[in-house]
Amino acid sequence: MKASAIIVAAGSGMRLGSNVPKAFVKIAGRTMLSYSLATVRQINSIEELELVITVPEGFENAARAEVAAAGLSIPVKITVGGIERQDSVRLALELTSAESDLVIVHDAARPLATPAIFESCLAAAMRAGAAIAAIPVSDTLKRVDNNNSAIVETIARATLWQAQTPQAFRRDLIVAAHQRAVHDKIIATDDADLVERTGTRVEVVEASTTNLKITTPSDLAIVEAIIAALPLSRRERI
């Protein structure tokens with residue numbers, strides 16, 4: 001089996017308040033991107049794996065340096081991302097091999113995703129066609145009228161899950177979903193939404209609450225604290 005991995009690392013990091021793009025912000029002395037590269041390096045359930053990384057314009061060489069430092073032995077392509085995340089994924093898909101059976105998409109802003117969750121998503125996608133990492137919603141959710149801040153409805157959380165990345169799909173499904181999105185001018189916040197709109201069944205693979213997406217300085221502080229609390233042997237593997 002052959003698969004293509006896409007790391008979306010083209011975000012500006014504006015809400016993080018950083019003077020460098022988000023994926024190049026350092027956590028415990030390493031860039032955010034380096035954590036995802038280390039995770040991809042440890043995937044061993046795929047016979048052939050290639051990687052495409054999307055980065056902001058002007059950071060292509062910085063990304064190449066991170067790839068070299070990660071010691072990846074797989075083919076790697078680096079491209080400038082689009083205006084929106086969805087654009088970046090579409091551009092990366094165009095660079096994936098047509099021979100790939102699966103594509104797995106991951107946000108560099110989630111540096112604590114493990115090789116195990118990557119492999120679980122790939123296995124589920126190989127079986128079912130599409131699968132995403134997610135966690136059950138634990139908070140009570142309220143629908144609110146934004147005009148007057150009044151609660152309109154309390155939403156039962158029993159069947160609600162919070163989507164994360166990685167997300168894995170049969171390559172033909174995710175390519176067709178993005179092509180349809182361009183044609184129909186569909187905008188979505190994750191790739192699973194685009195695939196769902198084609199009528200494809202997408203499975204959920206339970207992940208972890210530590211697979212946080214870093215958006216704000218407080219998110220960054222939490223991830224730094226999680227890494228600092230890990231045993232040294234575990235920190236060396238991520």
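## A tour from an exposed loop to a pocket

Start by selecting Ala28, which counts as exposed because its relative accessibility is 58%, above the 50% mark used for that word. Keep in mind as you go that this is a predicted model. Ala28 sits in the loop that links strand S2 (26-27) to strand S3 (30-31). Look at its backbone too: phi of Ala28 is near 55°, a positive value in a residue that is not glycine.

Now select Lys185, in the loop between H5 and H6. Here again phi is near 55°, positive although Lys185 is not a glycine. Is Lys185 buried or exposed? With a relative accessible area of 75%, Lys185 is exposed.

From this loop, step back into helix H5, which covers residues 171-184, and pick Arg171. Arg171 is buried and yet has no salt bridge. Which side chain of opposite charge is nearest to Arg171, and how far away is that side chain? It belongs to Glu50, and the distance is 6.3 Å. A salt bridge would need a side-chain nitrogen of the arginine within 4 Å of a carboxyl oxygen, so the pair of Arg171 and Glu50 at 6.3 Å does not count as one.

What does the side chain of Arg171 make a polar contact with? Show the side chain of Thr96: the two side chains make a polar contact at 3.0 Å. To fill in the surroundings, display the residues that Arg171 is in contact with, setting aside neighbours within four places in sequence. They are Leu93, Thr96, Ser97, Ala98, Ser100, Asp101, Leu102 and Val103.

Next, move to strand S10 (161-170) and select Pro166, which has its place in that strand. Zoom in on the link between Thr165 and Pro166: the peptide bond there is cis, with omega about 15°.

Stay with S10 for the last stop, the largest pocket. How many residues does S10 give to the lining of this pocket? Four, and that is the largest share from any element. Helix H3 (85-93) and helix H6 (191-196) are the other elements that give two or more residues to the lining. The pocket has a volume of about 770 Å³, and 33 residues line it. To find its middle, select Arg15, Lys22, Arg85, Asp107 and Lys213, the lining residues that lie nearest the centre.

Note on methods. Residues are numbered from 1 along each chain as its sequence is written. This is a predicted model: local features need pLDDT of at least 70, side-chain atom pairs count only at pLDDT 80 or more; totals for chains, interfaces and linings use all residues. Side-chain values use heavy atoms; hydrogens and water are left out. Buried means under 20% relative accessible area, exposed over 50%, partly exposed in between (1.4 Å probe, protein chains only). Lys and Arg count as positive and Asp and Glu as negative; His and the chain ends are not counted. A polar contact is a pair of N or O atoms within 3.5 Å; within protein, one must be able to donate a hydrogen and the other to accept it, and residues adjacent in sequence count only if both atoms are side-chain atoms. Contact means heavy atoms within 4.5 Å. On a 1 Å grid over the protein atoms alone, a cavity is a set of points where a 1.4 Å probe fits but cannot get out, and a pocket is an open set with protein on both sides within 12 Å along at least five of seven lines; lining residues have an atom within 4 Å of a point. Grid points are joined across faces, edges and corners, and a volume is the space filled by probe spheres set on the points.
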